Amino acid sequence: MCSVVGYVGNAYCKDLLVEGLSRLEYRGYDSAGFACLSADDNRLMYAKSPGRLIQLKELLDKNPMDGFIGIGHTRWSTHGTSTQENAHPHFDCKKRISIVHNGIIENHHTLRGDLLGKHLFVSDTDTEVVAHLFESLCAQYATCKDALLALAARIEGAYAFIILDNESPDQLILARHRSPLCIGIGEGQMYAASDPIAFAGKTNKVVFLPDATCAIIKKDSIELFDFKGNFLPLEVKTVDFAWLGAEKDGHEHHMLKEIYEQKRAIHATVSSLAAMGDTLWSSIGLTKEQSRAITSLSFIGCGTSWHAARIAQFFFEKIARIPTRVLLASEFRYMPFFPEQKSMYVAISQSGETADTLEALRLVKDMGMATIALTNVASSTLVREAGGFLLTHAGQEMAVASTKAFSTQVAALYWLANRLALEKEIITPEQMQAAEHDLFVVAQVLEDTIELYKHIIVETLAKRYAHKTKAIFLGRHISYPFAMEAALKLKEISYIFSQGYPAGELKHGPLALVDAETPIFLFSHQDPLIYQKLVANAQEVKARSGHIIAFVFEGQDELCKLADQAFVFPRVAPLLEPLAMTGVMQFFAYQVAKELELPIDKPRNLAKSVTVE
Ligand code: F6R
């Protein structure tokens, strides 16, 4: 989840690489580094710093350096803590080779053992091993390409790296296995980065390195080859993208801006899906007949995306009558797999780059199964590798805590469940239209209820709950996965220990945690039977002096009375309850973290795009 950037060309590279890193800092922010060859005499110059990119910028201001070729890195620590020594770039003993890397070299221990004695290691990282190994291989092989192929044959794991070799000052050396890496083609200049957003605005001509390939780039040429050394044709894509991420539109944090963008994002997503007409089928890689014949659905994802899929399970089972499973990508990969030919596998990921989700998709594809990617990033690896894809239109999400990506995933899946139901003639075209209308209505509710409750949250509630040490989140039926998402939102930005439970499980253990100090968030449901069960759970909590914050729907007075604090929501279409409650839930978590003066957009230890397993 580190980011790598590189440049070779006619321009000075320091500012543009630092700008590229600032766009990719969402991928990791434990440390940062930059290296270039001096424009005068090709001397290696570098700076690295623990902490945020801003600290590297300060270092570069104090020690100016620049050149026409350079590399940069922001780090999310995997091997070794955030120190100057562990920051990238890493070097070989003679500082001939500089390398920036995203991924994990799994056999680094063995390689380090082989190199010890002949090489001096200064960091704890797996990456430094690659620098020393490559330097040895360069001494053994006649060409850079042969040394690179020998390197690829020796290292195991996931990697995207960019190497700067002082002895070849006009070229950068790239290799990719499982981690993303792309090249931007400019006029007399080449860019390399983990994500093309790093060079958006400079060029829109992009080569995404296929998996298990290497490239040698000069300012006006690219050599691409596989790990056997076979040259590969370049597939140059025109990527239509713009960098808008830095703007916060007057909000203090990206997260707040993104919370407020949800109505627009849901509209954009639903409208674009509705406008697809029959192109839907080619996009998801199925014929209409195949879609009618689907016997089961499996969703695979992580974190918030997994929660969105857990919510959507109710849509597909209740509306489209398709048995649905929701799998955690990181677990699925190590469990027995029983492929079903008429099943459809949907990999769900905001970024489209999550390593566990990608690996799970590859596994399913290798079994010959049909796959769809549901993602927010059209240029992502998931889109390129899945059999078909559907896009959410949340716009770029900058805050690490997912907000609008989550609500658009839920909206897109609600739409898709209805669309499949229409195809299977379970619902009529009028009901399909009503479903779209319901999504627009709930988007409005999401926004209106933030307005309704924002003052009490800011002025009273955030202060009241910010210093709690733990919180419990309860739901039933579709509000249970929503409770898990709410718990994740609070814990990741406020660091308050938060746990989501199915309310019915309370008496099987978690009730022992209930006391007057622990806030219990309870998410209601409109179904009368489920509602009554939730009321009973609330009574159990109150009987033990528990403190309840209830999210209820209009007319649910009994639950309202049991609550110490209640948020009341207008009634919405059945199954859209979680979307109605999403805005207030996220705003509440945001304000608690703000009250604690925490770095909301970049919480400690986390990163936006989880490209390591
Ligand atoms: C939490 C959050 C994460 C991501 C997870 C998967 O707010 O954003 O839990 O949902 O890391 O990421 P994607 O959706 O990019 O695959």
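Ala, Val, Leu, Ile, Met, Phe, Trp, Tyr, Cys and Pro count here as nonpolar, Asp, Glu, Lys and Arg as charged, and the others, Gly among them, as polar. The exercises below concern a predicted model.

**Exercise 1.** Describe the make-up of the shell around the ligand by residue class, and state which domains and which elements supply the shell.

*Solution.* Begin with the classes: the shell holds five nonpolar, eight polar and two charged residues. Turn next to the ligand's place in the protein, where the space that the ligand takes is the second largest pocket. The elements that give two or more residues to the shell are helix H10 (303-318) and helix H16 (479-494). At the level of domains, domain 2 (254-427) and domain 3 (448-613) each contribute at least three residues to the shell.

**Exercise 2.** Which residues come nearest to the ligand, and which polar partners do the oxygen atoms of the ligand have?

*Solution.* Among the 15 residues around the ligand, those that come nearest are Ser305, Ser349, Ser351, Thr354 and Glu492. For the polar partners, apply the cut-off of 3.5 Å between N or O atoms. On the backbone side, a polar atom of Gln350 lies 2.7 Å from a ligand oxygen. On the side-chain side, an N or O atom of Lys489 is 2.8 Å from an oxygen atom of the ligand, and for Glu492 the corresponding distance is 2.6 Å. As for cover, the ligand taken alone exposes 410 Å², of which the protein buries 89%.

**Exercise 3.** Locate the cis peptide bond that ends at Pro89 and the positive phi of Arg178 within the chain.

*Solution.* The peptide bond from His88 to Pro89 is cis, with omega near 0°, and Pro89 belongs to the loop between strand E4 (69-75) and strand E5 (90-91). Arg178, a residue other than glycine, has a positive phi near 75°, and Arg178 is placed in the loop that runs between strand E8 (172-177) and strand E9 (182-186).

Definitions and conventions
Residues numbered from 1 in each chain as written. Predicted model: local features only at pLDDT ≥ 70, side-chain atom pairs only at ≥ 80, totals over all residues. Heavy atoms only, no water. Near = heavy atom within 4 Å. Polar contact = N/O pair within 3.5 Å; in protein donor to acceptor, adjacent residues only side chain to side chain. Areas by Shrake-Rupley, 256 points an atom, 1.4 Å probe, with all protein chains shown as cover. 1 Å grid on protein atoms, 1.4 Å probe; cavity = no way out; pocket = protein on both sides within 12 Å on 5 of 7 lines; lining within 4 Å. Sits in = over half its atoms within 2 Å of the grid points. Helix = DSSP H or I, 4+ residues; strand = E, 2+ residues; numbered from the N terminus. Domains from an automatic or database assignment.
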